[in-house]
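Colleague: Could we go through this structure together? I would like to begin with the cysteines.

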Amino acid sequence: QVQLVQSGGGLVQAGGSLRLTCAASGNIFSIIAMGWYRQAPGQQRELVATIPSGGMTNYADSVKGRFTISRDGAKNTVYLQMNSLKPEDTAVYYCNADVITRSGLSRSNYWGQGTQVTVSS
């Protein structure tokens with residue numbers, strides 16, 4: 001089994017910054033990619049940013065230039081630095097990892113527990 005543990009988030013005023021962290025642990029042989037998604041009330045979960053192992057980052061148009069995703073491969077940890085936050089960024093943010101597990105070298109996808117980010121106007 002693989003666990004994704006998120007930290008960070010909270011309440012911030014518009015224009016402020018927050019940093020999210022997600023650490024993966026457990027039955028991991030290698031990580032193909034990690035990313036962040038978010039889900040606002042009444043809306044579908046949407047991609048925020050992804051970072052593949054050794055590849056290029058990808059961002060939703062709505063966060064380009066404001067959010068930065070980064071990864072520490074040695075720690076199996078992904079970060080999301082969120083600057084210039086807007087009220088429309090308010091959502092539950094979920095970490096995601098695409099993993100090759102040690103058991104059977106199978107590919108599986110995992111989600112973190114979710115973290116509330118609230119941006120007040």
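**The disulfide and its surroundings**

Modeller: In this predicted model, Cys-22 and Cys-95 are joined by a disulfide, with an S to S distance of 2.0 Å. A disulfide is a covalent bond between the sulfur atoms of two cysteines.

Colleague: How many disulfides does a search of the whole structure find?

Modeller: The search finds one disulfide. The link of Cys-22 and Cys-95 is left-handed, with -80° about the S-S bond.

Colleague: Which parts does the pair tie together?

Modeller: Cys-22 belongs to strand β3 and Cys-95 to strand β9 (residues 91–101), so the link ties together parts that lie 73 residues apart in sequence.

Colleague: Are these two cysteines buried or exposed?

Modeller: Both Cys-22 and Cys-95 are buried.

Colleague: Let us turn to the sheet. What is the order of the strands in the open sheet?

Modeller: Four strands form the open sheet, in the order β1-β3-β8-β7, and their pairing is antiparallel. The strands at the edges are β1 (2–8) and β7 (67–72); each has a single partner strand, so one side of each is left without a neighbour in the sheet. From one strand to the next, the twist averages 15°.

Colleague: What holds paired strands to each other in general?

Modeller: Strands of a sheet pair through backbone hydrogen bonds.

Colleague: How many bridges does β3 have with β8, and how many with β1?

Modeller: Strand β3 (residues 18–26) pairs with strand β8 (residues 77–82) over six bridges, and β1 pairs with β3 over seven bridges. Thr-21 has Tyr-79 as its bridge partner in β8, and Ser-7 stands opposite Thr-21. Ala-23, in turn, stands opposite Thr-77 in β8.

Colleague: Now the interior. Which residues touch the most other members of the largest nonpolar core?

Modeller: They are Trp-36, Leu-80, Met-82 and Tyr-93, in a core of 32 residues. Several elements give two or more residues to this core, including β1, β3, β4 (28–39) and β11 (115–120). The element that gives the most is β9, with five residues. In soluble globular proteins, nonpolar side chains tend to be buried together.

Colleague: What does Tyr-93 touch?

Modeller: Leaving out residues up to four places away in sequence, Tyr-93 touches Leu-20, Arg-38, Phe-67, Leu-80 and Met-82, among others.

Colleague: You mention an arginine there. Is Arg-38 buried or exposed?

Modeller: Arg-38, which lies in strand β4, has 5% relative accessibility and therefore counts as buried.

Colleague: Which polar contacts does the side chain of Arg-38 make?

Modeller: One is with the side chain of Glu-46, at 2.7 Å. Another is with the side chain of Asp-89, at 3.0 Å. Beyond its neighbours within four places in sequence, Arg-38 is also in contact with residues including Val-48, Phe-67 and Tyr-93.

Colleague: Last topic: the loops. Which residue of the loop between β8 and β9 should I look at?

Modeller: Please look at Ser-84, which lies in that loop. Its phi is near 50°, a positive value in a residue other than glycine. Most residues other than glycine have a negative phi. Ser-84 is partly exposed, with a relative accessible area of 42%.

Colleague: And what is the phi of Leu-105?

Modeller: Leu-105 has a positive phi of about 50°, although it is not a glycine. Leu-105 lies in the loop between β9 and β10 (107–111) and, at 51% relative accessibility, counts as exposed.

Technical notes: Residues are numbered from 1 along each chain as its sequence is written. This is a predicted model: local features need pLDDT of at least 70, side-chain atom pairs count only at pLDDT 80 or more; totals for chains, interfaces and linings use all residues. Side-chain values use heavy atoms; hydrogens and water are left out. Two strands pair if DSSP finds at least two bridges between them. Axes are lines fitted to C-alpha atoms, for helices over the stretch in contact, and angles run from 0 to 180 degrees between N-to-C directions. A disulfide is a pair of cysteine sulfur atoms within 2.5 Å. Buried means under 20% relative accessible area, exposed over 50%, partly exposed in between (1.4 Å probe, protein chains only). A nonpolar core is a set of buried Ala, Val, Leu, Ile, Met, Phe, Trp, Tyr and Cys residues joined through side-chain atoms within 4.5 Å. Contact means heavy atoms within 4.5 Å. A polar contact is a pair of N or O atoms within 3.5 Å; within protein, one must be able to donate a hydrogen and the other to accept it, and residues adjacent in sequence count only if both atoms are side-chain atoms.
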